[in-house]
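Here are my notes on the model you sent round. Have the structure open while you go through them.

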Amino acid sequence: MRPRSRSFISLKRKRSYRQWVKAALLRIIVMIVMTGGTYGYSAYIETRMLSITNPVVITDQLPKPLQQLKIVQFSDTHLGKGYSVMQLDELVHTINDQHPDIVVFTGDLIDKFRFFTDGRGQVPEVLSKIEAPLGKYAVYGNHDRGGGASSYYRSCMEQAGFKLLVNERYEIPIAGNQKLVISGLDDYLLGNPEPESTLSRLQEQDYNIVLVHEPDVAETWGHYPVDLILAGHSHGGQVQLPLIGPVITPPLAEKYVEGLYELEGEHRSRYLYVNRGIGTTRKPIRFNSKPELTVLSIVCPTS
């Protein structure tokens with residue numbers, strides 16, 4: 001058996017050390033929250049304080065007949081002990097109240113798939129109530145790929161009327177040769193993403209939207225004609241401390257944590273929106289990082 005190199009061993013040790021540091025920080029944060037008397041707020045109040053954000057992107061790339069496009073994005077519901085099917089049903093009503101043209105889900109439907117047994121059968125019916133005239137689209141997150149959830153997630157989203165995009169594109173004809181193109185990439189942590197074969201076929205004249213679970217990978221796509229990237233995964237850090245910001249962020253969500261970013265590209269500027277998610281994971285708390293439903297408006301310039 002060939003011995004492993006010192007560099008490999010060193011990299012493995014560094015990763016282990018980083019994981020240990022993150023786990024230690026999480027324990028410290030929980031202790032601070034508990035001793036500060038705000039644990040009840042973090043666990044039972046803020047986790048239920050849904051924030052509806054309304055970012056606007058102005059672009060002349062949008063096909064002219066549209067003038068405006070409204071996209072509702074939700075992400076990281078992490079169904080389980082921290083977020084119930086009943087709460088998901090309430091969220092669906094809130095989504096429909098926004099009257100979206102398009103609805104996208106950017107991954108992590110169930111927190112711990114093996115332990116979420118009672119509510120599985122109800123989820124497709126609940127999600128099927130979402131209404132969007134230009135379609136509903138979804139991609140895999142790492143929780144959807146891990147723990148045996150992969151085949152269930154595909155079946156669930158398809159039963160609910162979502163187009164599950166795994167390294168593929170979906171074209172929505174608008175007028176003439178202009179289209180809305182929605183591409184989806186597989187999860188970067190546990191899946192098999194194929195950005196080159198998926199994004200190299202995008203056309204300059206179209207408005208190109210890309211869905212992916214992990215946001216940090218977006219900065220590697222500058223040579224493709226991408227207009228908008230929608231991602232989740234970060235939970236906005238789930239806990240943000242004053243003057244410090246997000247203390248713990250997952251891999252591939254450490255640079256782009258929440259909100260709207262403008263990224264430079266070879267063809268044109270790209271916008272990345274990172275949704276803070278709905279549910280929680282690891283610890284059922286949120287502090288200064290409310291659950292988020294994104295209502296994104298894409299509009300043409302007025303002049």
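1. Let's start with strand 4, since a good part of the fold can be read from there. Together with helix 4 (residues 123–128) and strand 5, strand 4 makes a β-α-β unit, and that unit is right-handed. Keep in mind throughout that this is a predicted model.

2. The pairing with strand 5 goes like this: strand 5 covers residues 136–138, runs parallel to strand 4 and is joined to strand 4 by three bridges. If you want a residue to centre on, take Val-104, which stands opposite Tyr-137 of strand 5.

3. Strand 4 also pairs with strand 3 (residues 68–74); these two are parallel as well, with four bridges between them. Here Phe-74 has Phe-105 of strand 4 as its bridge partner. To get from strand 3 to strand 4 the chain passes through helix 3 (residues 85–97), in a β-α-β crossover that is right-handed.

4. Which residues of strand 4 lie on each side, and are they buried or exposed? Ile-102 and Val-104 are on one side, Val-103 and Phe-105 are on the other, and all of them are buried, so both faces of the strand are covered. As a reminder, side chains in a regular strand alternate between the two faces of the sheet.

5. Now to Ile-172, in strand 7 (residues 168–175). Its relative accessible area is 9%, so Ile-172 falls under the 20% limit and counts as buried. Beyond its neighbours within four places in sequence, Ile-172 is in contact with Ile-102, Leu-134, Tyr-137, Lys-179, Leu-180 and Ile-182. Two of those names came up above: Ile-102 is a buried residue of strand 4, and Tyr-137 is the strand 5 residue opposite Val-104. For a distance to check, try Ile-172 to Gly-135: 9.2 Å from C-alpha to C-alpha, with their positions 37 residues apart in sequence.

6. Asp-206 deserves a look too. Asp-206 sits in the loop between helix 7 (195–199) and strand 9 (207–211). Is Asp-206 buried or exposed? Buried, because its relative accessibility is 1% and the cut-off is 20%. Setting aside residues up to four places away in sequence, Asp-206 touches Gln-61, Asn-177, Gln-178, Lys-179, Val-181, Asp-227 and Arg-268. Lys-179 is also on the contact list of Ile-172.

7. Another loop residue to inspect is His-233, between strand 10 (228–231) and strand 11 (240–241). His-233 has 5% relative accessibility and therefore counts as buried. What does His-233 contact, leaving aside neighbours within four places in sequence? The list is Ser-75, Asp-76, Asn-142, Leu-189, His-213, Glu-214, Pro-215, Pro-250, Pro-251, Leu-252 and Ala-253.

8. On the surface, have a look at the nonpolar patch formed by Tyr-41, Tyr-44 and Ile-45, which together have about 310 Å² of accessible area. Tyr-41 belongs to helix 2 (residues 39–45). With 30% relative accessibility, Tyr-41 counts as partly exposed, because that class lies between 20% and 50%.

9. Finally, the whole chain. There are seven helices and 15 strands, and 52% of the 303 residues count as buried. Among contacts with a separation of 6 or more, 73% link residues 24 or more positions apart. The chain exposes about 14600 Å², with 53% of that supplied by carbon and sulfur atoms.

Conventions
Residues numbered from 1 in each chain as written. Predicted model: local features only at pLDDT ≥ 70, side-chain atom pairs only at ≥ 80, totals over all residues. Heavy atoms only, no water. Buried < 20%, exposed > 50% of the residue type's maximum accessible area, 1.4 Å probe, protein only. Pairing = 2+ DSSP bridges. Right-handed = clockwise from strand over helix to strand, strands pointing away. Contact = heavy atoms within 4.5 Å. Areas by Shrake-Rupley, 256 points an atom, 1.4 Å probe, with all protein chains shown as cover. Patch = residues over 30% accessible without salt bridge, like charges linked within 9 Å, V, L, I, M, F, W, Y side chains within 5 Å. Salt bridge = Lys/Arg side-chain N within 4 Å of Asp/Glu carboxyl O.
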